[in-house]
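Before reading on, please have the sequence and the coordinates open side by side. The paragraphs that follow go from strand pairing to helix packing and then to the contact between the chains.

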Amino acid sequence: MNWSLFFGELVSGLTLGSIYALIALGYTMVYGILKLLNFAHGDVYMVGAFVGFFVLKWLGGPLAPAVTGWLAVAIMFTVAMLACGALGVGIERFAYRPLRNAPRIAPLISALGVSIFLQNSALLLWGPQFRDYDTFDLVGVKSYHIGTNFFISNVQILTISVSIGLTILLALVISRTRTGKAMRATSFDRDAAEMMGISIDRVISFTFFLGSALAAAGGIMFGLVFGQIFSLMGFTAGLKGFTAAVVGGIGSIPGAVLGGFLIGLTEAFATGYLPGGSVYANLYVFALLIVMFLIRPTGLLGSPVIQKV
Amino acid sequence: MLLRLDNVDTYYGQIHILQGVSLEVNEGELVCLLGGNASGKSTTLKTIIGMVRPRRGAVQFAGEEVSGRPTSYRIGKGMAIVPENRRLFGPMSVKENLEMGAYLHGGGTKEDFERVYSLFPLLYERRRQLAGTLSGGEQQMAAMGRALMSRPKLLLMDEPSMGLAPILVERNFEIIKEVHESGVAILVVEQNANVSLSIADRGYVLQTGRIVLSGAASSLIKDEDLRKAYLGR
């Protein structure tokens, strides 16, 4: 067995999975509360990557940043997450809230509209060309190895650990804070939550803020890992984040993370091992979605809670 | 006067549900609103807490016109509700459900929890259990406790006897009486006329969206018209 290939795909799968998990979290949280598939989510991820890029440029660019490389990365994350959080809140306010009581198909179409709007705005404003993060120059990519076959770079370590860190933070917010509990209450029974005095609008805004901020973090990670971003990057990534959320069980937070890593690993191992993998990796990923729909439509962790009345 | 509905008309789309409903609840009073299926009982409660807005008429609470205010504002002013079928948050623990009851009070103080746990010691034992796994009677307690967490001035109860065994209904109304005696005004919406009139100060009878009878509970309980109006025969 070629261990070097195996570990290579494992690390790259975990890295990709970290990004997909962050996107899937936003999908699953919004679905949990609104029962809406927010198809504009992938494009928020793209905007996050671009905000990160422009912050980097404002800091002097990857070749001569005004601050050290890692600090520049931290500033990129912070600004992009806040900006996209606000963007998500705005999208909900103007594209979904007016349709809150409309048939479910209406906000879905609105979501597709927002997606098209964001993609084309990006094309118009930023053009179709690739933009370079120049990660090598920015942070000086280093590779570490354990034994002779296991290699991992500092950027991959950063991606995986930031993703896990943000997921833990999100889990704490949802399980421990008053607003997090209000989110769970709203997602289980919106009317009952309203009867407790919970402002549903505020809870929904907060959910969009969190989900969009996580997507922005994912977008920057993509830029750091692959070195380049582009206006239409949100389309495929959004579909994969959605696939991850569904495979994990849409509405379930641990499911989104599990699904994200599963999709990332599938993609990486398909690339490395399956026939035509490097070309058809996406085919294998979406085949997984179909298989999941056939054998377990509720997803891996999405079994409905059985209630005793 | 704590709560006053003045000539309220509420619609669902084109359907005229409440037609000129007026009622009052004074401080510390226990009032019941009786009516059969589809008489507009639940709609009256929804109009009071602001889940639906009346097209005409006024809702006044604690000396303030609240018709245009959202539910969260009214809950913050001192209303609390035990909804029909209890509507606990099933996948959350009993304690978290109580916290949600005091959502606008920062999730409840230590004293709030102690007060509710002393009224319902069983809830303390079950505080870590998921609310969805409680029995019907326990759920009723949890829903009551949740509503009392916010130290309400007015407690609204939507069909508290529904779906409970007769013995639990009786126990439940004892608890309602106890809460009332501690100084909380209560508006109970019920189909079960006898048991609710036996503890209430006053009562109203609602029929197809109109108040058709009202008066002291002691006189309503003897009223032949009540049986006619309310049971429709």
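Which residue is the bridge partner of B:Leu155 in strand 8 of chain B? The partner is B:Ile186, and since the model is a predicted one, this pairing, like everything else described here, is read from computed coordinates. The pair belongs to a ladder in which strand 7 (residues 154-158) and strand 8 (residues 185-190) of chain B run parallel and are joined by 5 bridges. Helix 7 (residues 166-181) of chain B packs on the sheet, where it touches strand 3, strand 7 and strand 8 of chain B, and its direction makes about 155 degrees with that of strand 8 of chain B.

Seen as a whole, the sheet that holds this ladder is an open one of 6 strands in chain B, with the order 6-7-8-3-9-10 and mixed pairing. Its edges are formed by strand 6 (79-82) and strand 10 (210-216) of chain B, each of which pairs on one side only, and the twist from one strand to the next averages 15 degrees. Helix 1 (residues 41-49) of chain B also lies across this sheet, over strand 3 (30-34), strand 6, strand 7, strand 8 and strand 9 (202-207) of chain B, and it runs at about 150 degrees to strand 7 of chain B.

Chain B has a further open sheet, in which 4 strands follow the order 2-1-4-5 with antiparallel pairing. Here the edge strands, each paired on one side only, are strand 2 (15-25) and strand 5 (64-65) of chain B. As general background, strands of a sheet pair through backbone hydrogen bonds, either parallel or antiparallel. Strand 1 (residues 3-12) and strand 2 of chain B are paired in the antiparallel sense over 7 bridges; B:Tyr11 has B:His16 as its bridge partner in strand 2 of chain B, and B:Val8 stands opposite B:Val21 of that strand. The hairpin of strand 1 and strand 2 of chain B has 2 residues between the strands, and in this hairpin B:Gly13 takes a positive phi near 60 degrees. Strand 1 of chain B is also joined by 5 bridges to strand 4 of chain B, again running antiparallel, and B:Asp6 finds its bridge partner in B:Ala58 of strand 4 of chain B. Helix 1 of chain B, already met on the 6-stranded sheet, lies across strand 1, strand 2 and strand 4 (56-61) of chain B as well, running at about 65 degrees to strand 2 of chain B.

Turning to chain A, one finds 12 helices and 4 strands. Its C-alpha atoms fill a box of roughly 60 × 45 × 35 Å along the principal axes, and its radius of gyration of 19 Å agrees with the value near 19 Å that a compact globule of 309 residues would have.

Helix 9 (residues 200-226) of chain A takes part in two of the helix pairs described here. With helix 3 (residues 69-96) of chain A, the axes come within 7 Å and cross at roughly 140 degrees, which means that helix 3 of chain A is oblique to helix 9 of chain A. The crossing is right-handed. Among the residues that meet are A:Phe77, A:Met81 and A:Leu87 from helix 3 of chain A, and A:Phe208, A:Ala213 and A:Ile220 from helix 9 of chain A; the residues of this contact divide into 16 nonpolar, 6 polar and 1 charged.

With helix 2 (residues 41-58) of chain A, the axes likewise come within 7 Å, but the crossing angle is roughly 60 degrees, and therefore helix 2 of chain A is oblique to helix 9 of chain A. Helix 2 of chain A passes helix 9 of chain A in a right-handed crossing. The contact includes A:His41, A:Tyr45 and A:Phe53 of helix 2 of chain A, together with A:Ser212, A:Ile220 and A:Phe222 of helix 9 of chain A, and its residues divide into 11 nonpolar, 7 polar and no charged.

Finally, where the two chains touch, the contact takes 18 residues from chain A and 23 residues from chain B. On the side of chain A, helix 7 (178-188) and helix 8 (190-195) of chain A each supply at least two residues, and helix 7 of chain A gives the most, with 6 residues. The residues of this side of chain A divide into 8 nonpolar, 3 polar and 7 charged.

How values were computed:
Residues are numbered from 1 along each chain as its sequence is written. Chains are lettered from A and ligands numbered from 1 in the order in which they are written. This is a predicted model: local features need pLDDT of at least 70, side-chain atom pairs count only at pLDDT 80 or more; totals for chains, interfaces and linings use all residues. Axes are lines fitted to C-alpha atoms, for helices over the stretch in contact, and angles run from 0 to 180 degrees between N-to-C directions. Angles under 35 degrees count as roughly parallel, over 145 as roughly antiparallel, 65 to 115 as roughly perpendicular and the rest as oblique. A crossing is left-handed if the near helix is turned anticlockwise from the far one by less than a right angle, and right-handed if clockwise. Two residues are in contact if their C-beta atoms, placed from the backbone, lie within 7 Å. Ala, Val, Leu, Ile, Met, Phe, Trp, Tyr, Cys and Pro count as nonpolar, Asp, Glu, Lys and Arg as charged, and the others, Gly among them, as polar. Two strands pair if DSSP finds at least two bridges between them. The radius of gyration is taken over C-alpha atoms; the globule rule is 2.2 Å times the number of residues to the power 0.38.
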